[in-house]
Amino acid sequence: MELVTQHGQQVLEIRHPEFFARIFLQGAHLTEFAPRDSDNWLWLSSAANYAPGAAIRGGIPICWPWFGDPAKNPPEVADRIVDAKAHGFARTLLWALERTQSSDKSAEVTLTLDARDLGDRFGDWPLTASIAFEFTAKTCRITLSTHNVSDQPVTYTEALHTYFPTSDIHQTQVDGFDGSHYTDTLDNWQDRTQSGPICFDGEVDRIYHAAGDIRINTPEGTTRIESNGSASTIVWNPGPGKAARLPDFPDAAWTSMLCVETANTTSNCIRLMGGESHMTQLVLSRG
Ligand SMILES: O=P(O)(O)OC[C@H]1O[C@H](O)[C@H](O)[C@@H](O)[C@@H]1O
């Protein structure tokens, strides 16, 4: 493992005989995980903005301590938000590298963020976050832990906003939500029920009130997401119109990516009593 400078940022490169991974310390942002002889399991925009304070388009941005538009969050979350950007502040701040460890089979990296250190500009969030990455030749396990360090209840929302590649979004399906309820944010936030696999034909932006065992089937094969401690899943593809409006996103790239986000949001927000913690985990595997 080596800390290097890339695009003017501190980046931890994990060069293991069995796999390669790259984590930006800003945002504790994993942009690449590739077992030996494999492509990157994560999609990364060729037009990504790596400037300090910008969110990298691709990989796994950490949305914390709120997901999405502040105004769409439960009042207990929205009331704490001072810096009214979408998806919280964790994805654009520098995390501390807490621990690294590797063996002949795996590598582990832990980074932390203490929201009490940030000052008034970010509001009153008496929370600490830690993210643990565990890589092997066959899996990528990510655990986001949140701890309420105060003696009062604190409510937050979150997402591990994973970008996946596909060679053709029209031949891509997401399995695991048949019969699940979701909120269609593109249709007045109406509640609907999924029937069969999720298919893509233009913009999709949905909050599924379900999680668990998910399969992304693309022409290249199947990626599996197992989640724990997550009760929401966001499924997003910008379609041609939104893709053209996003500055860090090539116009045609909506056909070669999708996001399936391991989350706790809207009515599945997490309310931590003083001293309590919560863990949200995803495990990626292929085949
Ligand atoms: O552009 P960003 O702030 O990174 O957000 C990218 C996307 O994230 C989520 O998936 C939301 O559901 C989308 O509505 C949003 O467009």
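In this predicted model, a natural place to begin is the pair of residues, His161 and Glu261, at which UniProt, in an unreviewed entry, places the feature "active site". The two positions span 101 residues in sequence, yet no two of their C-alpha atoms are more than 4.5 Å apart, so they gather at one spot.

How is each of these residues held in the fold? His161 is found in the loop between β11 (158–160) and β12 (163–165), whereas Glu261 belongs to strand β21. His161 has 23 other C-beta atoms within 10 Å and is therefore buried, a residue being counted as buried when that number is 20 or more. Glu261 is likewise buried, because 27 other C-beta atoms lie within 10 Å of its own. Once residues up to four places away in sequence are set aside, His161 touches Ile60, Pro61, Cys63, Cys259 and Glu261, which brings the other annotated residue into its list of contacts. Seen from the other side, and with neighbours within four places again left out, Glu261 is in contact with Ala159, Leu160, His161, Thr162, Thr233 and Ile234.

From Glu261 the reader can pass directly to the ligand, since Glu261 is one of the residues around the ligand, together with Ala55, Gly68, Ala86, His87, Asp205, Ile234, Trp236 and Cys259. Two strands, β20 (232–237) and β21 (257–264), each supply at least two residues of this shell. By residue class, the shell around the ligand divides into 5 nonpolar, 2 polar and 2 charged residues. Some of these names have already appeared above: Cys259 is among the residues that His161 touches, and Ile234 is among the contacts of Glu261.

Another buried position is Trp64, which lies in the loop between β5 (62–63) and α1 (75–78). Trp64 counts as buried because 27 other C-beta atoms lie within 10 Å. Which residues does Trp64 touch, not counting those up to four places away in sequence? They are Gly88, Ala90, Ala129 and Glu158. Of these, Glu158 is 94 residues from Trp64 along the chain, although their C-alpha atoms are separated by 4.7 Å. Glu158 also opens strand β11 (158–160), the strand on one side of the loop that holds His161.

The view may now widen to the sheet. An open sheet is formed by 9 strands in the order β6-β7-β8-β9-β23-β19-β18-β13-β16, and the pairing is antiparallel. Its edge strands are β6 (96–102) and β16 (198–199), each of which pairs on one side only. Within this order, β9 and strand β23 (residues 277–286) pair in the antiparallel sense over 9 bridges, while β19 and β23 do so over 6 bridges. Strand β18 (residues 213–218) and strand β19 (residues 221–228) are also joined in the antiparallel sense, over 6 bridges. Individual partners make these pairings easier to trace in the model: Thr218 stands opposite Gly221 in β19, and Ile225 stands opposite Leu284 in β23.

Thr139 offers a close look at the pairing between β9 and β23. Thr139 has its place in strand β9 (residues 139–148), and its bridge partner in β23 is Ser285. Leaving aside neighbours within four places in sequence, Thr139 is in contact with Val283, Leu284 and Ser285, and Leu284 is the residue opposite which Ile225 stands. Is Thr139 buried or exposed? With 17 C-beta neighbours inside 10 Å, Thr139 counts as partly exposed, because partly exposed residues fall between the limit of 20 or more for buried and 12 or fewer for exposed. Thr139 and Phe33 are 106 residues apart in sequence and 9.5 Å apart in space, C-alpha to C-alpha.

Taken as a whole, the protein chain contains 2 helices and 23 strands. Its radius of gyration is 18 Å, close to the 19 Å that the globule rule gives for 287 residues, so the chain is as compact as a globular protein of that length. Along its principal axes the C-alpha trace spans about 50 × 50 × 35 Å, and 38% of the 287 residues count as buried. Among the contacts with a separation of 6 or more, 64% are made by residues 24 or more positions apart.

Methods
Residues numbered from 1 in each chain as written. Predicted model: local features only at pLDDT ≥ 70, side-chain atom pairs only at ≥ 80, totals over all residues. Near = placed C-beta within 6 Å. Helix = DSSP H or I, 4+ residues; strand = E, 2+ residues; numbered from the N terminus. Nonpolar A, V, L, I, M, F, W, Y, C, P; charged D, E, K, R; others polar. Pairing = 2+ DSSP bridges. Contact = placed C-beta atoms within 7 Å. Rg over C-alpha atoms; globule rule 2.2 N^0.38 Å. UniProt positions renumbered as here; feature names shortened; annotations may be inferred.
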